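This briefing concerns one protein chain, to be read alongside its sequence and model. The points are grouped by topic.

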Amino acid sequence: MARPGERLILGFDFGTRRIGVAVGNELLGSARELDPLPAREGIPDWRQVGRLVEEWQPDLFVVGLPLTAAGEEQEMSTRARKFGKRLFGRYGLPCEMVDERGSTGEAKAIARERGHRGSWRDEGVDGISAVLIVERWFVAREGLPRKGVEQR
């Protein structure tokens with residue numbers, strides 16, 4: 001396992017239909033989006049998750065925690081925490097939760113700048129949201145300045 005400051009992070013934006021995924025490099029303080037995972041009621045195909053873990057060999061998982069505007073937990077918070085616990089249980093890697101408030105709005109703004117036409121259901125922003133979640137984790141842990149969202 002890599003030392004703090006040198007870890008590879010696999011980040012997730014939990015959703016009931018799609019789960020956004022990003023891979024981040026702690027040393028560089030940057031992340032990039034990967035293809036989202038389809039989910040059924042918040043449950044992904046765990047074989048796909050296993051392939052991601054095998055391919056990227058992360059040192060840590062980061063999962064976005066959906067809180068209300070007032071910072072309180074809600075039903076989706078419980079579901080996201082359960083997803084994080086399942087990641088830990090299946091792969092034995094630490095999993096940290098990150099406040100994701102505002103990440104969807106920020107991801108949509110980034111997508112619009114890239115030319116997205118607003119068909120969010122067909123073309124989600126889950127990967128961009130996952131990148132923002134990983135970057136928030138970097139900022140919280142290292143005090144690093146925010147970097148731009150990288151494309152694949």
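Phe83 has a relative accessibility of 2% and counts as buried, since the cut-off for burial is under 20%. In this predicted model, the ring of Phe83 pairs with the ring of Trp46, their centres lying 5.8 Å apart and their planes at 25°, so the pair is stacked. Phe83 is also one of the residues with the most contacts inside the largest nonpolar core.

**Aromatic pairs**

- The stacked pair joins distant parts of the chain, with Trp46 in helix H1 and Phe83 in helix H2, 37 residues apart.
- Trp46 is buried, as is Phe83.
- In the whole structure, a search finds six aromatic pairs.
- Another of these pairs is made by Phe14 and Phe83, which is tilted because the ring centres are 5.6 Å apart and the planes meet at 40°.
- Phe14 sits in the loop between S1 and S2, while Phe83 belongs to helix H2; 69 residues separate the two, and the pair thus links distant parts of the chain.
- Phe14 has a relative accessible area of 7% and is therefore buried.
- One aromatic cluster is formed by Phe12, Phe14, Trp46, Phe61, Phe83 and Tyr91.

**Nonpolar cores**

- In soluble globular proteins, nonpolar side chains tend to be buried together.
- The largest nonpolar core here contains 19 residues, and those with the most contacts inside it are Leu10, Phe12, Phe83 and Leu87.
- At least two residues of this core come from each of strand S1 (8–13), strand S2 (18–25), strand S3 (30–40), helix H1 (46–56), strand S5 (60–65) and helix H2 (75–91).
- H1 supplies four residues, the largest share of this core.
- Beyond its neighbours within four places in sequence, Leu10 is in contact with a set of residues that includes Val21, Ala22, Val23, Leu34, Leu52, Val53 and Trp56.
- Also among the contacts of Leu10 are Pro58, Leu60, Phe61 and Val62.
- A second core, separate from the largest one, has 12 residues, including Leu60, Val62, Val131 and Phe138.

**Overall architecture**

- The protein chain contains four helices and six strands.
- Along the sequence, these elements follow the pattern β-β-β-β-α-β-α-β-α-α.
- Of the 152 residues in the protein chain, 45% are buried.
- Among contacts with a separation of 6 or more, 63% are between residues 24 or more positions apart.
- The exposed area of the protein chain is about 8200 Å², of which carbon and sulfur atoms supply 47%.

**Salt bridges**

- Eight salt bridges are found in a search of the whole structure.
- One of them joins the side chains of Arg18 and Asp126, with an N to O distance of 2.6 Å.
- This pair links distant parts of the chain, as Arg18 lies in strand S2 and Asp126 in helix H4 (residues 126–142), 108 residues apart.
- Arg18 is partly exposed, with a relative accessible area of 22%, whereas Asp126, at 13% relative accessibility, counts as buried.
- Arg79 and Glu75 form a salt bridge in which the closest N and O atoms are 3.8 Å apart.
- Both Arg79 and Glu75 belong to helix H2, where they are four residues apart, about one turn of the helix.
- Arg79 counts as partly exposed at 23% relative accessibility, while Glu75 counts as exposed at 57%.
- Glu41 is linked with Glu75 and Arg79 in a network of salt bridges.
- Asp99 and Arg101 meet through their side chains in a salt bridge of 2.5 Å, N to O.
- Asp99, at 27% relative accessibility, is partly exposed, and Arg101, at 33%, is partly exposed as well.

**Residues with positive phi**

- Glu41 is not a glycine, although its phi is positive, at about 55°.
- Glu41 is placed in the loop between S3 and strand S4 (43–44), and it counts as exposed at 58% relative accessibility.
- Gln57, another residue other than glycine, has a positive phi near 50°.
- Gln57 lies in the loop between H1 and S5; its relative accessibility is 54%, so it counts as exposed.

Technical notes: Residues are numbered from 1 along each chain as its sequence is written. This is a predicted model: local features need pLDDT of at least 70, side-chain atom pairs count only at pLDDT 80 or more; totals for chains, interfaces and linings use all residues. Side-chain values use heavy atoms; hydrogens and water are left out. A nonpolar core is a set of buried Ala, Val, Leu, Ile, Met, Phe, Trp, Tyr and Cys residues joined through side-chain atoms within 4.5 Å. Buried means under 20% relative accessible area, exposed over 50%, partly exposed in between (1.4 Å probe, protein chains only). Contact means heavy atoms within 4.5 Å. Accessible areas come from the Shrake-Rupley method with a 1.4 Å probe; for residues, only the protein chains shown count as cover. Rings of Phe, Tyr and Trp (its six-membered ring) pair if their centres lie within 6.5 Å; planes under 30 degrees apart count as stacked, over 60 as edge-to-face and the rest as tilted. A salt bridge is a side-chain nitrogen of Lys or Arg within 4 Å of a carboxyl oxygen of Asp or Glu.
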